[in-house]
Amino acid sequence: MLQGTLDSLSAHIAVIDAHGEILLTNRAWASFGEANDACDPGTIGSNYLDACDAADGDDYAAKVAAGLRLVLGGERRDFRLEYPCHSPQAQRWFVVRATRYEGAGPARAVVAHDDITLRKEAQFEVREQAGLIDELDVAVVALDEDGLITDWSSGAERMLGWTRGEAIGERSVSLIGVGEPSAAADVIAAVRRDGNWHGRLTLRRKDRSTLPVHSRLRMRTDEQGRPAGRVAVSVDITEAIEAERALLASQNYTRAVTDSMGEGLFTLDPDGKLVYMNKAAEAILGWPAEELQGRVMHNMAHRLRPDGSELPIEECSIRRSHRDGVTVYAENDVFIRRDGRTVPVAYTAAPIATDDGLAGCAVVFTDISERKAREELLGQEAEKLSWIGRIRSALTQDRFLLYAQPIVEVATGEVVQRELLLRMREPDGEIVGPGYFISIAEEYGLTGEIDRWVIEHAIEIAAGGGPVQLNLSAHSVGDPMIFRKIESCLRRTGVDPGSLVFEITETALIADEAAARSFAQELHGLGCRLALDDFGTGYGGFTYLKSLPVDFLKIDIEFVRDLASNPASRHVVQAVVALSRAFKLKTVGEGVEDAETLKVLQELGVDFAQGYHIARPAPLAKPDLPAAFAAGLGNLITTAERDK
């Protein structure tokens, strides 16, 4: 039973006597020794202390030998040390734990080597993802190309002692560097070569004490892609290092081994009922072991599939392990916590063999939430990169399209304008709306190219007859190149500038109000007209009316959608109409989806309207109103006039 239990554990376990001789090992210990000559811990009958002493020049081996002798001599209850076991093929980390055994027999200590490589990598990954958030205990330092500090976060103030004013302008190596200047030069060279670097550093505080940190440096570039400096994010790892040294006490060597594991562990009897659960399993699942003991573990923690559907006990892979005596591996499953939430896990379920036959199984599992989160983040980044390529391809291959949505004069029902709306045609012919790609284009600086394409085609459409209305992104408002593009297209086509209405959102104005105001005035000076889009949703809309040469106010759909049923929306629209008349502006109601809303807009004096009730956006080949709707609109207006 004991050997079976030990063999089911992933840790490399050995039991030694008072002189260091190995009395018993599990399968993982033997397999590790066979596969790693450089870190061979010995076999049954060999002396573990002698093996440590023979590793001449190995500081870690010397520390392990010294700590183990203290445990065997009764001077310490236990001992713990993390150490690297690297090879040319891979870098791996282990933790060795020695716990004194007070029971009968020659055994005097349990030694366990546990592979903590994944945990170490996860810790590094988490630290690398720390952002520029002052509430977090991270130091964020920005440097220029000469190594002078240009920004110093409050986290850096707390961590290193210097205030922002003291640090800005200082050379980082002189202020916080420790060790030879050549080491810092190597890090900087790596950043310039690879674009980033991460690793452990020791920094100097203002009080001259030193601080161990994990740092990630990334190169910053200017708009032309040239190196413009570096950003370093550093995390204080003092507490983490100290926490890793905490030891778990145990009354016997089996409990000492399992409670020191980083993975969760529970054992089941042949009926699938819980026999034992270690501390890590309690933490991951949120269940105290005593509440689950004697209960069928499948019903308590494994009754759901990853997609949330029910998992019948007959299909449970863990049940198959203790029923059929086979080892089962699962890389993507879920367990159910005490609070009802699911936690993604990877696990190994291995049968426990005894002299009397199979006696259940041991399940060793790991919470893979961080791994899943990283995979999801990578998936999102990959999707963004895919869209970047698709956007660039659409620009290169001229696969962007302009749809038109009519804008009608409410009083007459006449189509007076067409708003041009962007679409993208995929290589397979699928038409994609802007909601899928515009935000990514904005994030990666592609909106300028898209806006130039829209401007050129919109002006050509206007030159072909009929006024049009088009949207400009916040990035383009105030961009001199965009203004020159508009000016050039107007000259080339000879189109009447008054047939063009450019929509500007409050977002664009907030980004750079002075530049946006200058842009709007110059555009108006050409003879083009301007519409302030989504009016009524922002805080600064009324202020902009004083300084911008606006011709139209487009009432946001939020107030039009429920206009017929919500008195508050009606009051807002009334106020906007009154305001626009005071400023001699025209109003446009967006999002008209039924006849009743259109009638209320007419009653309130709104000048123009657009929306699905009037016409949906359509390819430019079909820009006009359906004949049936035009007749209906005429009837509505006639009826409204009669009711006055």
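This briefing covers the salt bridges and cysteines of the structure above. The model is predicted, so local features need pLDDT of at least 70 and side-chain atom pairs count only at pLDDT 80 or more, while totals for chains, interfaces and linings use all residues. Residues are numbered from 1 along each chain as its sequence is written, and side-chain values use heavy atoms, with hydrogens and water left out. The tally is 26 salt bridges (a side-chain nitrogen of Lys or Arg within 4 Å of a carboxyl oxygen of Asp or Glu), set against zero disulfides (pairs of cysteine sulfur atoms within 2.5 Å).

**A pair between two loops**

- Arg77 and Glu102 join their side chains in a salt bridge, at 3.7 Å from N to O.
- Arg77 sits in the loop between helix H4 (59–72) and strand E3 (78–84), and Glu102 in the loop between strand E4 (93–100) and strand E5 (109–115), so this pair ties together parts 25 residues apart in sequence.
- Helices (H or I, at least four residues) and strands (E, at least two) are DSSP runs here, numbered from the N terminus.
- Arg77 is partly exposed at 30% relative accessibility, whereas Glu102 reaches 53% and counts as exposed.
- As for those labels, buried means under 20% relative accessible area, exposed means over 50%, and partly exposed is in between (1.4 Å probe, protein chains only).

**Pairs within a helix**

- In helix H12 (residues 279–285), Lys279 and Glu282 are three residues apart, or about one helical turn.
- Those two form a salt bridge, with 4.0 Å between the closest N and O atoms of Glu282 and Lys279.
- Glu282 is the buried partner at 18% relative accessibility, while Lys279 is partly exposed with a relative accessible area of 49%.
- Helix H16 (residues 369–396) holds Arg371 and Glu375, four residues apart and so about one turn of the helix.
- Arg371 and Glu375 also make a salt bridge, and their closest N and O atoms are 3.4 Å apart.
- Both ends of that bridge are partly exposed: Arg371 has a relative accessible area of 27%, and Glu375 comes in at 42% relative accessibility.

**A shared network**

- Glu419, Glu503, Lys554 and Glu590 are joined into one network by salt bridges that share partners.

**Cysteines**

- Cys489 is buried, at 1% relative accessibility.
- Cys528 is buried too, with a relative accessibility of 1%.
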